[in-house]
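Here are my notes after a pass through this one, as numbered points. Have the model open while you read, and click along.

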Amino acid sequence: MSGDAALIRSCLAGDEEAWRSLVHRYRRLIYSIPVAHRLPADQADEVFQRVCLKLVENLSRLRKVESLASWLGTVTRRECTALLRRAARELPDPEEFLLQLEDASLDAEQGLAAIEQEHAVRLALEELDEPCRSLLEALYVEQPRPSYEEISRRLSRPVGSLGPTRARCLKKLAGKLRGVGPGERK
């Protein structure tokens with residue numbers, strides 16, 4: 001995730017466009033956690049704002065750039081829990097609600113690992129060159145999934161070449177996820 005390192009350096013240097021890019025890059029990850037906690041949109045927005053504020057306040061103290069997604073996930077989860085605890089104080093039986101919150105928090109914790117993996121795949125996809133990015137997005141991200149004929153037309157490639165190209169692109173994607181460039185071995 002070399003893109004993160006450059007973005008963080010630029011952010012720390014006061015580059016506003018870098019801040020927008022960094023927030024844009026992680027918005028889906030941050031928002032997915034309040035959604036997993038079943039928070040309404042206005043509360044998810046509040047959590048998002050709080051997490052972004054904490055990011056601004058703590059970015060210079062981040063020790064490992066590669067742990068940014070994990071750090072954001074942890075901060076977001078804590079903000080969701082804090083918001084839910086504040087809301088529980090206003091309920092007639094806050095103890096019962098807090099017990100339910102503990103159960104929901106365990107479910108959200110398990111879902112967080114999947115969310116972080118999905119985020120890593122999306123970032124790796126962004127780093128792929130063409131036609132790999134377009135091919136893999138068409139095959140695995142787009143809904144409804146286009147036919148091979150449609151993908152062939154878009155990419156100006158024969159249908160018969162899509163399978164071998166897909167295999168090469170998946171290897172490149174796997175390399176990005178492991179942090180290995182093309183042709184390198186780890």
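1. Let me start with helix α7, residues 148-155. R154 and E150 both sit in it, 4 residues apart, which is about one turn of the helix. Their side chains meet in a salt bridge, with N to O at 3.1 Å. As for cover, R154 is partly exposed at a relative accessible area of 41%, and E150 is partly exposed too, at 23%. The pair also belongs to a network of salt bridges that links E142, E150, R153 and R154.

2. Some background before going on: this is a predicted model, so please read everything here in that light. The chain has 8 helices and 0 strands, and from the N terminus the order of elements is simply α-α-α-α-α-α-α-α. Of its 186 residues, 33% are buried.

3. Back to salt bridges, where the count comes to 9. The one I'd look at next is D4 with R25, whose closest N and O atoms are 2.7 Å apart. D4 is in helix α1 (residues 2-12) and R25 in helix α2, so this pair ties together parts that are 21 residues apart in sequence. Are the two partners buried or exposed? D4 is buried, with a relative accessible area of 0%, and R25 is buried as well, at 13%. Both values fall under the 20% cut-off for buried.

4. Another bridge that links distant parts of the chain is E79 with K54. Here the N to O distance is 3.7 Å. E79 comes from helix α4 (residues 68-88) and K54 from helix α3 (residues 41-58), with their positions 25 residues apart in sequence. The two partners have unlike surroundings: E79 counts as buried at 10% relative accessibility, whereas K54 counts as partly exposed at 30%.

5. On to the second largest pocket, which holds about 230 Å³ of space. Which elements give two or more residues to its lining? They are α2 (16-36) and α5 (94-127). The lining is made up of S21, H24, R25, R27, R28, H119, R122, L123, L125, E126, E137 and V141. By type, that divides into 6 charged, 3 polar and 3 nonpolar residues. Note that R25 is on this list as well as being the salt-bridge partner of D4, so it is worth colouring when you look at either feature.

6. L123 is another lining residue of that pocket, and there is a long-range pairing to check with L173. The two are 50 residues apart in sequence, yet the C-alpha to C-alpha distance is 10.0 Å. L173 is in helix α8 and is buried, with a relative accessible area of 10%.

7. Now the surface. Y140, V141 and L170 make a nonpolar patch of about 250 Å². Y140 is found in helix α6, residues 132-140, and is partly exposed with a relative accessible area of 46%. V141 turns up twice in these notes, in this patch and in the lining of the second largest pocket.

8. Two peptide bonds deserve a look by eye. E130 and P131 are joined by a cis bond with omega at about 5 degrees, and P131 is in the loop between α5 and α6. The bond from Q143 to P144 is also cis, with omega near -5 degrees. P144 has its place in the loop between α6 and α7.

9. Last, a backbone oddity at S156. Where does S156 sit? It is in the loop between α7 and α8 (159-178). Its phi is positive, about 55 degrees, although S156 is not a glycine. S156 counts as exposed, at 68% relative accessibility.

How values were computed. Residues numbered from 1 in each chain as written. Predicted model: local features only at pLDDT ≥ 70, side-chain atom pairs only at ≥ 80, totals over all residues. Heavy atoms only, no water. 1 Å grid on protein atoms, 1.4 Å probe; cavity = no way out; pocket = protein on both sides within 12 Å on 5 of 7 lines; lining within 4 Å. Points joined across faces, edges and corners; volume = space filled by probe spheres on them. Nonpolar A, V, L, I, M, F, W, Y, C, P; charged D, E, K, R; others polar. Patch = residues over 30% accessible without salt bridge, like charges linked within 9 Å, V, L, I, M, F, W, Y side chains within 5 Å. Areas by Shrake-Rupley, 256 points an atom, 1.4 Å probe, with all protein chains shown as cover. Salt bridge = Lys/Arg side-chain N within 4 Å of Asp/Glu carboxyl O. Buried < 20%, exposed > 50% of the residue type's maximum accessible area, 1.4 Å probe, protein only.
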